[in-house]
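Work through the exercises below with the structure open. Try each task before reading its solution.

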Amino acid sequence: MNNRRFYDNPFDDYPNETAEAVVNALTNEINEDYKRTIKIATKGLIARMEGYKGDWMHNGDYSVYTGLAGIAYLFYKYGKCFNEPHYINDAVKLLRICTDKFRGKGEITFLTGIVGPVALGAVVFHSEGYSDEAQNMISKVKSLQSVVLNENSDLPDELLYGRAGYLFSLLFLNSNISPAPIESDLIKQVIALIIKSGNLYSASKKYETPLMYVWHRTEYIGGAHGLGGILYILLQARQYLTETQLQKDIKPALDFLQNIRYVSGNFPPSIGSQTDKLVHWCHGAPGMTMLFCLAYEIYEDEDYLKTAVECGEVIWSRGLLKKGRGICHGVAGNAYTFLSLFQQTKNIKYLYRAGKFADWCMNHEARHSRSPDRPFSLFEGIAGTIYFLIDLQHPLSAKFPAYSI
(Lines give C-alpha, C1' and ligand atoms only; values in the text may rest on other atoms or scores of the structure.)
Protein backbone atom coordinates (compact mmCIF):
# COMPACT_ATOMS: atom_id res chain seq x y z
CA MET A 1 0.00 0.00 0.00
CA ASN A 2 1.40 3.38 -0.98
CA ASN A 3 0.66 6.02 1.67
CA ARG A 4 1.89 8.81 -0.56
CA ARG A 5 -1.41 8.93 -2.47
CA PHE A 6 -3.52 10.01 0.53
CA TYR A 7 -3.34 11.85 3.82
CA ASP A 8 -4.05 10.11 7.11
CA ASN A 9 -7.60 10.88 8.17
CA PRO A 10 -7.37 13.40 11.06
CA PHE A 11 -11.08 13.30 11.89
CA ASP A 12 -12.71 11.43 14.76
CA ASP A 13 -15.33 9.00 13.54
CA TYR A 14 -18.97 9.10 14.59
CA PRO A 15 -20.08 9.29 17.37
CA ASN A 16 -17.91 11.87 19.10
CA GLU A 17 -18.34 14.96 21.27
CA THR A 18 -18.23 17.44 18.39
CA ALA A 19 -20.31 15.49 15.86
CA GLU A 20 -23.42 17.57 16.57
CA ALA A 21 -21.70 20.51 14.89
CA VAL A 22 -21.97 18.55 11.63
CA VAL A 23 -25.14 16.44 11.92
CA ASN A 24 -28.37 16.58 13.91
CA ALA A 25 -29.03 13.11 15.31
CA LEU A 26 -32.67 13.96 16.08
CA THR A 27 -33.56 14.91 12.51
CA ASN A 28 -30.98 12.71 10.74
CA GLU A 29 -29.89 15.74 8.72
CA ILE A 30 -26.93 18.07 8.33
CA ASN A 31 -26.80 20.59 11.19
CA GLU A 32 -28.44 23.86 10.07
CA ASP A 33 -25.43 25.96 11.11
CA TYR A 34 -23.11 23.64 9.21
CA LYS A 35 -25.43 23.81 6.22
CA ARG A 36 -25.01 27.59 6.27
CA THR A 37 -21.24 27.13 6.40
CA ILE A 38 -21.44 24.87 3.34
CA LYS A 39 -23.61 27.38 1.51
CA ILE A 40 -21.15 30.20 2.18
CA ALA A 41 -18.25 28.06 0.95
CA THR A 42 -20.22 27.06 -2.13
CA LYS A 43 -20.90 30.67 -3.03
CA GLY A 44 -17.25 31.56 -2.47
CA LEU A 45 -16.04 28.77 -4.74
CA ILE A 46 -18.42 29.63 -7.56
CA ALA A 47 -17.36 33.28 -7.33
CA ARG A 48 -13.77 32.12 -7.71
CA MET A 49 -14.73 30.11 -10.77
CA GLU A 50 -16.32 33.15 -12.35
CA GLY A 51 -13.17 35.12 -11.65
CA TYR A 52 -11.25 32.70 -13.86
CA LYS A 53 -13.82 32.57 -16.65
CA GLY A 54 -11.21 33.20 -19.32
CA ASP A 55 -9.39 30.03 -18.30
CA TRP A 56 -12.34 27.66 -18.72
CA MET A 57 -14.37 29.47 -21.35
CA HIS A 58 -11.87 29.29 -24.19
CA ASN A 59 -9.92 26.05 -23.74
CA GLY A 60 -11.66 24.20 -26.58
CA ASP A 61 -13.04 21.43 -24.37
CA TYR A 62 -16.83 21.05 -24.61
CA SER A 63 -17.25 17.80 -22.67
CA VAL A 64 -19.13 17.14 -19.45
CA TYR A 65 -16.02 15.50 -18.01
CA THR A 66 -13.50 18.34 -18.16
CA GLY A 67 -15.07 20.98 -20.38
CA LEU A 68 -17.67 23.66 -20.81
CA ALA A 69 -20.69 21.33 -20.62
CA GLY A 70 -19.66 20.18 -17.16
CA ILE A 71 -19.57 23.78 -15.97
CA ALA A 72 -23.01 24.31 -17.54
CA TYR A 73 -24.19 21.22 -15.60
CA LEU A 74 -22.99 22.85 -12.37
CA PHE A 75 -24.45 26.27 -13.18
CA TYR A 76 -27.85 24.75 -13.88
CA LYS A 77 -27.82 22.83 -10.60
CA TYR A 78 -26.60 25.87 -8.69
CA GLY A 79 -29.24 28.14 -10.23
CA LYS A 80 -32.02 25.70 -9.39
CA CYS A 81 -30.79 25.04 -5.86
CA PHE A 82 -30.32 28.67 -4.85
CA ASN A 83 -33.06 30.15 -7.08
CA GLU A 84 -30.60 32.29 -9.02
CA PRO A 85 -31.97 32.39 -12.58
CA HIS A 86 -28.92 34.04 -14.13
CA TYR A 87 -26.93 30.84 -13.54
CA ILE A 88 -29.64 28.89 -15.36
CA ASN A 89 -29.43 31.40 -18.21
CA ASP A 90 -25.65 31.02 -18.26
CA ALA A 91 -26.05 27.24 -18.42
CA VAL A 92 -28.36 27.60 -21.43
CA LYS A 93 -25.85 29.87 -23.19
CA LEU A 94 -22.95 27.51 -22.52
CA LEU A 95 -24.89 24.49 -23.72
CA ARG A 96 -25.81 26.26 -26.94
CA ILE A 97 -22.11 26.80 -27.55
CA CYS A 98 -21.37 23.14 -26.81
CA THR A 99 -24.19 21.63 -28.83
CA ASP A 100 -23.22 23.73 -31.83
CA LYS A 101 -20.15 21.50 -32.01
CA PHE A 102 -22.25 18.42 -32.75
CA ARG A 103 -21.04 16.73 -35.94
CA GLY A 104 -22.47 13.24 -35.56
CA LYS A 105 -20.67 9.90 -35.94
CA GLY A 106 -18.31 9.26 -33.00
CA GLU A 107 -18.08 10.64 -29.49
CA ILE A 108 -21.10 8.69 -28.31
CA THR A 109 -20.74 9.01 -24.52
CA PHE A 110 -22.17 11.35 -21.93
CA LEU A 111 -18.92 12.17 -20.17
CA THR A 112 -16.36 12.65 -22.94
CA GLY A 113 -18.41 12.74 -26.14
CA ILE A 114 -20.67 15.28 -27.76
CA VAL A 115 -23.68 13.22 -26.66
CA GLY A 116 -23.23 14.53 -23.10
CA PRO A 117 -23.70 18.22 -23.93
CA VAL A 118 -26.52 17.33 -26.32
CA ALA A 119 -28.42 15.15 -23.82
CA LEU A 120 -27.84 17.67 -21.05
CA GLY A 121 -28.96 20.42 -23.41
CA ALA A 122 -32.17 18.52 -24.18
CA VAL A 123 -33.02 18.29 -20.48
CA VAL A 124 -32.19 21.93 -19.73
CA PHE A 125 -33.91 23.30 -22.84
CA HIS A 126 -37.01 21.19 -22.11
CA SER A 127 -37.11 22.38 -18.51
CA GLU A 128 -36.76 26.02 -19.53
CA GLY A 129 -39.44 25.88 -22.20
CA TYR A 130 -37.30 25.70 -25.36
CA SER A 131 -39.24 22.73 -26.70
CA ASP A 132 -38.06 22.84 -30.30
CA GLU A 133 -34.40 23.00 -29.28
CA ALA A 134 -34.94 20.15 -26.84
CA GLN A 135 -36.53 17.98 -29.52
CA ASN A 136 -33.67 18.73 -31.88
CA MET A 137 -31.19 17.60 -29.25
CA ILE A 138 -33.12 14.39 -28.60
CA SER A 139 -33.09 13.61 -32.32
CA LYS A 140 -29.33 14.13 -32.41
CA VAL A 141 -28.79 11.68 -29.55
CA LYS A 142 -30.95 9.07 -31.27
CA SER A 143 -29.18 9.62 -34.59
CA LEU A 144 -26.04 7.95 -33.18
CA GLN A 145 -27.74 4.63 -32.48
CA SER A 146 -26.40 3.13 -35.71
CA VAL A 147 -22.84 3.80 -34.51
CA VAL A 148 -23.54 2.30 -31.10
CA LEU A 149 -25.38 -0.76 -32.41
CA ASN A 150 -22.75 -1.67 -35.00
CA GLU A 151 -21.46 -5.02 -33.76
CA ASN A 152 -18.56 -4.99 -36.20
CA SER A 153 -17.03 -1.77 -34.92
CA ASP A 154 -14.22 -1.54 -32.38
CA LEU A 155 -16.38 0.58 -30.06
CA PRO A 156 -15.69 -0.32 -26.42
CA ASP A 157 -18.42 -0.88 -23.83
CA GLU A 158 -17.15 1.14 -20.86
CA LEU A 159 -18.56 4.37 -19.45
CA LEU A 160 -16.13 7.08 -20.54
CA TYR A 161 -15.78 6.18 -24.22
CA GLY A 162 -18.12 3.29 -24.90
CA ARG A 163 -21.66 1.96 -25.10
CA ALA A 164 -22.36 2.26 -21.38
CA GLY A 165 -21.80 6.00 -21.76
CA TYR A 166 -24.41 6.13 -24.51
CA LEU A 167 -26.80 4.03 -22.43
CA PHE A 168 -26.42 6.50 -19.58
CA SER A 169 -27.41 9.31 -21.95
CA LEU A 170 -30.60 7.50 -22.94
CA LEU A 171 -31.52 6.80 -19.32
CA PHE A 172 -30.70 10.40 -18.37
CA LEU A 173 -33.12 11.71 -21.01
CA ASN A 174 -35.93 9.39 -19.95
CA SER A 175 -35.51 10.14 -16.26
CA ASN A 176 -35.55 13.91 -16.73
CA ILE A 177 -38.07 14.48 -19.54
CA SER A 178 -41.73 13.48 -19.46
CA PRO A 179 -43.09 11.77 -21.42
CA ALA A 180 -39.94 9.69 -21.87
CA PRO A 181 -38.50 10.56 -25.30
CA ILE A 182 -36.40 7.41 -25.89
CA GLU A 183 -38.16 4.25 -27.00
CA SER A 184 -37.75 1.17 -24.84
CA ASP A 185 -36.67 -0.87 -27.85
CA LEU A 186 -33.58 1.28 -28.41
CA ILE A 187 -32.53 1.02 -24.78
CA LYS A 188 -33.06 -2.74 -24.81
CA GLN A 189 -30.98 -3.10 -27.98
CA VAL A 190 -28.06 -1.20 -26.43
CA ILE A 191 -28.30 -3.29 -23.26
CA ALA A 192 -28.41 -6.53 -25.26
CA LEU A 193 -25.30 -5.57 -27.22
CA ILE A 194 -23.36 -4.57 -24.08
CA ILE A 195 -24.21 -7.91 -22.50
CA LYS A 196 -23.46 -9.87 -25.67
CA SER A 197 -20.08 -8.15 -25.96
CA GLY A 198 -19.28 -9.02 -22.34
CA ASN A 199 -20.40 -12.61 -22.83
CA LEU A 200 -18.22 -13.09 -25.90
CA TYR A 201 -15.11 -11.55 -24.39
CA SER A 202 -15.45 -13.44 -21.09
CA ALA A 203 -15.95 -16.73 -22.90
CA SER A 204 -12.91 -16.08 -25.09
CA LYS A 205 -10.78 -15.69 -21.95
CA LYS A 206 -12.56 -18.48 -20.01
CA TYR A 207 -13.35 -16.24 -17.06
CA GLU A 208 -15.58 -17.45 -14.22
CA THR A 209 -18.01 -14.64 -14.91
CA PRO A 210 -20.48 -14.29 -17.77
CA LEU A 211 -19.39 -10.68 -18.31
CA MET A 212 -15.95 -9.20 -18.79
CA TYR A 213 -14.72 -6.27 -20.87
CA VAL A 214 -11.45 -4.90 -22.19
CA TRP A 215 -10.36 -1.35 -22.92
CA HIS A 216 -6.92 -0.56 -24.38
CA ARG A 217 -5.92 -4.20 -23.83
CA THR A 218 -6.61 -3.97 -20.10
CA GLU A 219 -9.49 -5.64 -18.24
CA TYR A 220 -10.51 -2.79 -15.99
CA ILE A 221 -12.74 -3.19 -12.96
CA GLY A 222 -13.68 0.32 -11.80
CA GLY A 223 -16.34 2.92 -12.50
CA ALA A 224 -14.78 4.82 -15.38
CA HIS A 225 -13.47 2.10 -17.70
CA GLY A 226 -14.43 -1.24 -16.25
CA LEU A 227 -16.88 -3.95 -15.36
CA GLY A 228 -18.09 -2.20 -12.20
CA GLY A 229 -19.16 0.95 -14.01
CA ILE A 230 -20.86 -1.02 -16.79
CA LEU A 231 -22.81 -3.09 -14.27
CA TYR A 232 -23.90 0.04 -12.42
CA ILE A 233 -25.35 1.58 -15.57
CA LEU A 234 -27.03 -1.71 -16.50
CA LEU A 235 -28.65 -2.04 -13.07
CA GLN A 236 -29.97 1.50 -13.31
CA ALA A 237 -31.74 0.33 -16.47
CA ARG A 238 -33.48 -2.40 -14.47
CA GLN A 239 -36.93 -1.73 -15.96
CA TYR A 240 -35.53 -2.63 -19.38
CA LEU A 241 -33.69 -5.79 -18.27
CA THR A 242 -34.97 -9.32 -18.62
CA GLU A 243 -34.96 -11.69 -15.66
CA THR A 244 -32.33 -13.76 -17.47
CA GLN A 245 -30.07 -10.72 -17.82
CA LEU A 246 -30.51 -9.91 -14.13
CA GLN A 247 -29.96 -13.44 -12.82
CA LYS A 248 -27.72 -15.16 -15.38
CA ASP A 249 -25.49 -12.30 -16.53
CA ILE A 250 -25.34 -9.46 -14.01
CA LYS A 251 -25.63 -11.25 -10.66
CA PRO A 252 -22.80 -13.74 -11.34
CA ALA A 253 -20.64 -10.82 -12.50
CA LEU A 254 -21.33 -9.03 -9.21
CA ASP A 255 -20.34 -12.17 -7.30
CA PHE A 256 -17.17 -12.43 -9.35
CA LEU A 257 -16.27 -8.84 -8.44
CA GLN A 258 -16.74 -9.56 -4.75
CA ASN A 259 -14.33 -12.48 -4.99
CA ILE A 260 -11.45 -10.47 -6.48
CA ARG A 261 -11.30 -7.76 -3.83
CA TYR A 262 -8.12 -7.11 -1.93
CA VAL A 263 -7.95 -8.21 1.70
CA SER A 264 -8.33 -4.53 2.64
CA GLY A 265 -11.81 -4.41 1.09
CA ASN A 266 -10.64 -2.23 -1.80
CA PHE A 267 -11.05 -3.29 -5.42
CA PRO A 268 -8.20 -3.72 -7.91
CA PRO A 269 -8.17 -1.31 -10.86
CA SER A 270 -7.87 -4.21 -13.30
CA ILE A 271 -7.69 -7.99 -13.47
CA GLY A 272 -4.35 -9.21 -12.19
CA SER A 273 -3.34 -6.00 -10.42
CA GLN A 274 -1.62 -6.58 -7.08
CA THR A 275 -1.08 -2.95 -6.09
CA ASP A 276 -3.70 -1.88 -3.55
CA LYS A 277 -3.24 1.88 -3.90
CA LEU A 278 -6.05 3.48 -5.92
CA VAL A 279 -9.04 4.74 -3.92
CA HIS A 280 -10.83 6.87 -6.52
CA TRP A 281 -14.26 6.95 -8.11
CA CYS A 282 -12.65 5.91 -11.40
CA HIS A 283 -10.58 3.04 -9.95
CA GLY A 284 -11.22 1.36 -6.62
CA ALA A 285 -13.79 1.24 -3.84
CA PRO A 286 -15.61 4.60 -4.28
CA GLY A 287 -17.27 3.77 -7.61
CA MET A 288 -18.07 0.27 -6.36
CA THR A 289 -19.94 1.46 -3.26
CA MET A 290 -22.75 2.83 -5.40
CA LEU A 291 -22.82 -0.38 -7.44
CA PHE A 292 -23.20 -2.66 -4.43
CA CYS A 293 -25.71 -0.40 -2.68
CA LEU A 294 -27.88 -0.63 -5.80
CA ALA A 295 -27.24 -4.37 -6.12
CA TYR A 296 -28.44 -4.82 -2.53
CA GLU A 297 -31.57 -2.81 -3.31
CA ILE A 298 -32.37 -4.96 -6.34
CA TYR A 299 -31.31 -8.45 -5.22
CA GLU A 300 -31.83 -8.04 -1.44
CA ASP A 301 -28.57 -9.90 -0.85
CA GLU A 302 -27.03 -8.83 2.47
CA ASP A 303 -23.55 -9.66 1.18
CA TYR A 304 -23.85 -6.80 -1.30
CA LEU A 305 -24.62 -4.28 1.43
CA LYS A 306 -21.73 -5.71 3.47
CA THR A 307 -19.42 -5.13 0.51
CA ALA A 308 -20.61 -1.53 0.17
CA VAL A 309 -20.08 -0.90 3.89
CA GLU A 310 -16.56 -2.36 3.70
CA CYS A 311 -15.84 -0.03 0.79
CA GLY A 312 -16.92 2.82 3.05
CA GLU A 313 -14.34 1.81 5.65
CA VAL A 314 -11.58 1.82 3.02
CA ILE A 315 -12.59 5.31 1.91
CA TRP A 316 -12.88 6.72 5.44
CA SER A 317 -9.34 5.48 6.06
CA ARG A 318 -7.68 6.28 2.71
CA GLY A 319 -9.98 8.67 0.90
CA LEU A 320 -8.41 12.07 1.63
CA LEU A 321 -6.44 12.11 -1.57
CA LYS A 322 -3.40 14.18 -2.42
CA LYS A 323 -4.78 14.57 -5.93
CA GLY A 324 -7.19 17.19 -4.62
CA ARG A 325 -10.90 17.65 -4.11
CA GLY A 326 -12.40 16.76 -7.50
CA ILE A 327 -14.92 14.00 -8.09
CA CYS A 328 -13.13 11.68 -10.53
CA HIS A 329 -10.04 11.12 -8.41
CA GLY A 330 -10.45 13.45 -5.45
CA VAL A 331 -12.00 13.92 -2.03
CA ALA A 332 -15.42 15.15 -3.20
CA GLY A 333 -15.88 12.09 -5.39
CA ASN A 334 -14.94 9.82 -2.52
CA ALA A 335 -17.43 11.61 -0.28
CA TYR A 336 -20.27 10.50 -2.53
CA THR A 337 -19.59 7.02 -1.14
CA PHE A 338 -20.93 8.15 2.21
CA LEU A 339 -23.98 9.81 0.68
CA SER A 340 -24.74 6.55 -1.12
CA LEU A 341 -24.41 4.56 2.10
CA PHE A 342 -26.54 7.11 3.97
CA GLN A 343 -29.27 6.86 1.34
CA GLN A 344 -29.26 3.08 1.62
CA THR A 345 -28.97 2.67 5.40
CA LYS A 346 -30.16 6.02 6.85
CA ASN A 347 -27.27 5.61 9.31
CA ILE A 348 -26.24 9.14 10.33
CA LYS A 349 -22.61 8.02 10.67
CA TYR A 350 -22.33 8.17 6.88
CA LEU A 351 -23.83 11.62 6.66
CA TYR A 352 -21.33 12.76 9.29
CA ARG A 353 -18.46 11.25 7.29
CA ALA A 354 -19.63 13.04 4.16
CA GLY A 355 -19.73 16.24 6.18
CA LYS A 356 -16.15 15.78 7.39
CA PHE A 357 -14.92 15.15 3.85
CA ALA A 358 -16.74 18.36 2.92
CA ASP A 359 -14.81 20.07 5.73
CA TRP A 360 -11.60 18.90 4.04
CA CYS A 361 -12.77 20.23 0.68
CA MET A 362 -13.63 23.62 2.20
CA ASN A 363 -10.74 24.13 4.61
CA HIS A 364 -7.65 22.20 3.56
CA GLU A 365 -6.82 23.79 0.24
CA ALA A 366 -3.12 24.08 1.05
CA ARG A 367 -2.97 20.28 1.18
CA HIS A 368 -4.51 19.80 -2.27
CA SER A 369 -1.01 19.45 -3.57
CA ARG A 370 -1.57 18.38 -7.16
CA SER A 371 -3.19 20.81 -9.53
CA PRO A 372 -5.38 19.10 -12.15
CA ASP A 373 -5.07 19.83 -15.86
CA ARG A 374 -8.60 21.30 -15.82
CA PRO A 375 -8.77 22.96 -12.36
CA PHE A 376 -12.29 24.39 -12.83
CA SER A 377 -13.91 21.38 -14.49
CA LEU A 378 -16.70 19.13 -13.24
CA PHE A 379 -14.71 15.92 -12.88
CA GLU A 380 -11.18 17.16 -12.15
CA GLY A 381 -11.69 20.60 -10.62
CA ILE A 382 -13.70 22.78 -8.27
CA ALA A 383 -16.91 22.63 -10.31
CA GLY A 384 -17.22 19.05 -9.07
CA THR A 385 -16.41 20.11 -5.51
CA ILE A 386 -19.19 22.70 -5.66
CA TYR A 387 -21.59 20.14 -7.13
CA PHE A 388 -20.90 17.82 -4.18
CA LEU A 389 -21.33 20.62 -1.62
CA ILE A 390 -24.73 21.43 -3.12
CA ASP A 391 -25.73 17.76 -3.00
CA LEU A 392 -24.62 17.47 0.62
CA GLN A 393 -27.27 20.00 1.61
CA HIS A 394 -29.94 17.61 0.25
CA PRO A 395 -28.28 14.23 0.89
CA LEU A 396 -31.23 11.91 0.25
CA SER A 397 -31.60 13.20 -3.31
CA ALA A 398 -27.86 13.47 -4.05
CA LYS A 399 -26.65 11.86 -7.27
CA PHE A 400 -23.09 11.49 -8.48
CA PRO A 401 -23.23 13.46 -11.75
CA ALA A 402 -23.04 11.53 -15.02
CA TYR A 403 -23.00 8.22 -13.11
CA SER A 404 -26.18 8.00 -11.01
CA ILE A 405 -29.53 8.51 -12.73
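**Exercise 1. A short-range salt bridge**

This is a predicted model. Task: decide whether Asp255 is buried, partly exposed or exposed, then find its salt-bridge partner.

Solution.
- Step 1. Asp255 has a relative accessibility of 26%. Buried requires under 20%, and exposed requires over 50%. Asp255 therefore counts as partly exposed.
- Step 2. The partner is Lys251, with the closest N and O atoms 3.6 Å apart. The cut-off is 4 Å, so the pair qualifies as a salt bridge.
- Step 3. Place the pair. Both Asp255 and Lys251 lie in helix H11 (residues 243-259). They are four residues apart, about one turn of the helix.

**Exercise 2. Salt bridges across the sequence**

Task: say which parts of the chain are tied together by the salt bridge of Asp13 and Arg353, and by that of Glu84 and Lys43.

Solution.
- Step 1. Start with the total: the model holds 17 salt bridges.
- Step 2. The side chains of Asp13 and Arg353 meet at 2.7 Å, N to O. Asp13 sits in the segment before strand S1 (23-24) and Arg353 in helix H15, so this salt bridge ties together parts 340 residues apart in sequence.
- Step 3. Check the accessibility of each end. Asp13 is partly exposed at 25%. Arg353 is buried at 1%.
- Step 4. Look for further partners. Asp13, Glu313 and Arg353 are linked in a network of salt bridges.
- Step 5. Turn to Glu84 and Lys43, whose closest N and O atoms are 2.7 Å apart. Glu84 lies in the loop between helix H3 (68-82) and helix H4 (85-99), and Lys43 in helix H1 (residues 32-51), so the pair joins parts 41 residues apart in sequence. Lys43 is partly exposed, at 30% relative accessibility.

**Exercise 3. Packing of two helices**

Task: describe how H15 and H16 pack, and give the angle of their axes.

Solution.
- Step 1. Set the limits. H15 covers residues 348-363 and H16 covers residues 382-392.
- Step 2. Take the geometry. The angle is about 145 degrees, and the axes are 11 Å apart. The crossing is left-handed.
- Step 3. List the contact residues. H15 supplies Leu351, Ala354, Gly355, Ala358, Cys361 and Met362. H16 supplies Thr385, Phe388, Leu389 and Leu392.
- Step 4. Sort the contact by class. Eight residues are nonpolar, two are polar and none is charged.

**Exercise 4. The core and two buried residues**

Task: identify the residues with the most contacts inside the largest nonpolar core. Then describe the surroundings of Ile233 and Asn31.

Solution.
- Step 1. The largest nonpolar core has 151 residues. Those with the most contacts inside it are Tyr166, Leu231, Leu235, Leu254, Trp281 and Phe379. Helix H12 (residues 285-299) gives the most to this core, with eleven residues.
- Step 2. Ile233 belongs to helix H10 (residues 227-236). At 0% relative accessibility, Ile233 is buried.
- Step 3. Leave out residues up to four places away in sequence. Ile233 then touches Leu159, Ala164, Leu167, Phe168, Leu171 and Tyr403.
- Step 4. Add a distance check. Ile233 and Thr275 are 42 residues apart in sequence and 26 Å apart in space, C-alpha to C-alpha.
- Step 5. Asn31 lies in the loop between strand S2 (29-30) and H1. Its relative accessible area is 17%, so Asn31 is buried. With the same exclusion in sequence, Asn31 touches Glu20, Ala21, Val22, Val23 and Asn24.

**Exercise 5. Backbone exceptions**

Task: locate the cis peptide bonds that precede Pro15 and Pro179, and place the positive phi values of Asn83 and Glu300.

Solution.
- Step 1. Recall the background. Most residues other than glycine have a negative phi, and most peptide bonds are trans.
- Step 2. Tyr14 and Pro15 are joined by a cis bond with omega about 0 degrees. Pro15 lies in the segment before S1.
- Step 3. Ser178 and Pro179 are joined by a cis bond with omega about -5 degrees. Pro179 lies in the loop between helix H8 (163-176) and helix H9 (184-205).
- Step 4. Asn83 has a phi near 55 degrees. Asn83 is in the loop between H3 and H4, and is exposed at 64%.
- Step 5. Glu300 has a positive phi of about 55 degrees. Glu300 is in the loop between H12 and helix H13 (302-318), and is exposed at 66%.

Methods: Residues are numbered from 1 along each chain as its sequence is written. This is a predicted model: local features need pLDDT of at least 70, side-chain atom pairs count only at pLDDT 80 or more; totals for chains, interfaces and linings use all residues. Side-chain values use heavy atoms; hydrogens and water are left out. Axes are lines fitted to C-alpha atoms, for helices over the stretch in contact, and angles run from 0 to 180 degrees between N-to-C directions. A crossing is left-handed if the near helix is turned anticlockwise from the far one by less than a right angle, and right-handed if clockwise. Contact means heavy atoms within 4.5 Å. Ala, Val, Leu, Ile, Met, Phe, Trp, Tyr, Cys and Pro count as nonpolar, Asp, Glu, Lys and Arg as charged, and the others, Gly among them, as polar. Buried means under 20% relative accessible area, exposed over 50%, partly exposed in between (1.4 Å probe, protein chains only). A nonpolar core is a set of buried Ala, Val, Leu, Ile, Met, Phe, Trp, Tyr and Cys residues joined through side-chain atoms within 4.5 Å.
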